[in-house]
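Let's take a relaxed walk through a protein model, one part at a time. Keep the picture open while you read.

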Amino acid sequence: MQGATSIDVVVVGGGASGLSAMKQFQGGKRKVNSVVLLEAQDYLGGRVKTVRTSIEATGKTVLTEDGAEWVHGGRTTDLYRLAKKLNGLAPDTKTWSNIEHECRQRGLCLSDMPSLMNLRMNSSLLLINSVKSADIPPRPTVPSIIYAGGLHLKESKPLPKDLEDWVKGAGEEGFIFFSLGSAVVPSSMPEEYRKILVKTFGSLKQRVLWKWDKDTMDDLPPNVRLGT
Ligand SMILES: Cc1cc2nc3c(=O)[nH]c(=O)nc-3n(C[C@H](O)[C@H](O)[C@H](O)COP(=O)(O)OP(=O)(O)OC[C@H]3O[C@@H](n4cnc5c(N)ncnc54)[C@H](O)[C@@H]3O)c2cc1C
């Protein structure tokens, strides 16, 4: 701190708490003459960390959250306003209020169900449909949180005959099942990504069963089969 003659306040840590303290000291009611922020890392935000990754194949940049991702308290909070100003939040940014709105609109929440916020504050037992060792990063939990990964699974049924024959026909190389899960409509992916997948699957020795929402695809390689 070369050149500083006197410092009234030192704030340690440039996470949400430190930045909020800085705001109080600099422009808020607790104005002081000199305040310094010390941050050990080379970025501000602490456990709120947006990572920008360039995808070589498309030349585009993808944003992912390494830490906090939910804005609690809805769109009227200072945090929401700040995040919107800095990051230009997407319209579907998750807040408790817009998740609840969507849940009710889609008929997924019972009409007499208490608000999600109340449920969250007042739950005696939480069953999580996930495996603890798959948590990234692993988090400590209290005894009322029980990991019950696979809770929804039902006993499997045999494959339809033609699919069974196709799988067996894959021989020694085996086959790959590729699915983006049930929440995503596969054909809504950008064409450039679809083409990358077509090219990659077509170059494999294995057969590929691709979960897709349409019956046909013009440039489907011979080793790839679509399934809905
Ligand atoms: C994976 C993950 C997901 C989360 N998801 C959510 C979410 O969705 N919504 C939500 O509201 N919250 C979430 N949280 C919690 C939220 O991120 C934290 O509560 C919040 O960021 C804490 O802010 P903070 O400023 O108190 O601490 P931190 O963000 O930890 O900031 C502390 C800062 O102090 C610095 N520091 C520490 N020691 C020193 C030192 N001696 N000298 C200089 N600098 C120092 C650190 O480098 C760090 O930058 C999540 C947290 C994690 C890890």
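How far apart do the C-alpha centres of domain 2 and domain 3 lie? They are 31 Å apart. Keep in mind that this is a predicted model, so nothing here comes from an experiment on the protein itself. As for where those domains sit, the domain assignment gives domain 1 as residues 50-124, domain 2 as 125-153 and domain 3 as 161-227.

**A three-stranded sheet**

Let's start with strands. Strands of a sheet pair through backbone hydrogen bonds, either parallel or antiparallel. In this model, an open sheet of three strands runs in the order β7-β8-β9, and the pairing is parallel. β7 and β9 (224-227) stand at the edges with a single partner strand each, so each has one side without a neighbour in the sheet. Going from one strand to the next, the twist averages 20°.

Now zoom in on one pair. β7 is joined to strand β8 (residues 207-211) by four bridges, and the two run parallel. Within that pairing, Ile176 stands opposite Val208 in β8.

**A closer look at Ile176**

Ile176 has its place in strand β7, which covers residues 175-178. Is Ile176 buried or exposed? The answer sits in between: Ile176 is partly exposed, because 15 other C-beta atoms lie within 10 Å, and a residue needs 20 or more to count as buried. Leaving out residues up to four places away in sequence, Ile176 touches Gln206 and Val208. So Val208 turns up twice for Ile176, as the residue opposite in β8 and as a contact.

**An antiparallel pair**

For another kind of pairing, look at strand β3 (residues 50-55). Six bridges join β3 to β4, and these two strands run antiparallel. One of the matches is Thr53, whose bridge partner in β4 is Val62. How many of the six residues of strand β4 (residues 60-65) are buried? The count is zero, so to speak a strand that is hardly covered.

**Around the ligand**

The model also has a ligand, with 19 residues around it. Those that come nearest are Gly13, Gly15, Gly46, Ala68 and Trp70. Which helix gives the most to this shell? That's helix α1 (residues 16-26), with three residues. Sorted by class, the shell has seven nonpolar, nine polar and three charged residues.

**Three loop residues**

Next come some residues in loops. Ser34 lies in the loop between α1 and β2 (35-38), and His72 is found in the loop between β4 and α2 (78-87). Ser124 lies in the loop between α4 (116-121) and β5 (126-128).

How covered are they? Ser34 counts as partly exposed, with 13 C-beta neighbours inside 10 Å. His72 also counts as partly exposed, with 14 such neighbours. Ser124 has 5 C-beta neighbours inside 10 Å, and therefore counts as exposed.

**Along the chain and across space**

Finally, here are some pairs of residues, with their separation in sequence and their C-alpha to C-alpha distance.

| Pair | Apart in sequence | Apart in space |
|---|---|---|
| Ser34 and Gly15 | 19 residues | 20 Å |
| His72 and Val184 | 112 residues | 25 Å |
| Ser124 and Val9 | 115 residues | 42 Å |
| Ile176 and Arg75 | 101 residues | 43 Å |

Try finding each pair in the picture, starting with Ser34 and Gly15, which are 20 Å apart.

Definitions and conventions:
Residues are numbered from 1 along each chain as its sequence is written. This is a predicted model: local features need pLDDT of at least 70, side-chain atom pairs count only at pLDDT 80 or more; totals for chains, interfaces and linings use all residues. Domain bounds come from an automatic or database domain assignment. A residue is buried if 20 or more other C-beta atoms lie within 10 Å of its own, exposed if 12 or fewer, and partly exposed in between; C-beta atoms are placed from the backbone. Two residues are in contact if their C-beta atoms, placed from the backbone, lie within 7 Å. A residue is near a molecule or strand if its C-beta atom, placed from the backbone, lies within 6 Å of it. Ala, Val, Leu, Ile, Met, Phe, Trp, Tyr, Cys and Pro count as nonpolar, Asp, Glu, Lys and Arg as charged, and the others, Gly among them, as polar. Two strands pair if DSSP finds at least two bridges between them. Axes are lines fitted to C-alpha atoms, for helices over the stretch in contact, and angles run from 0 to 180 degrees between N-to-C directions.
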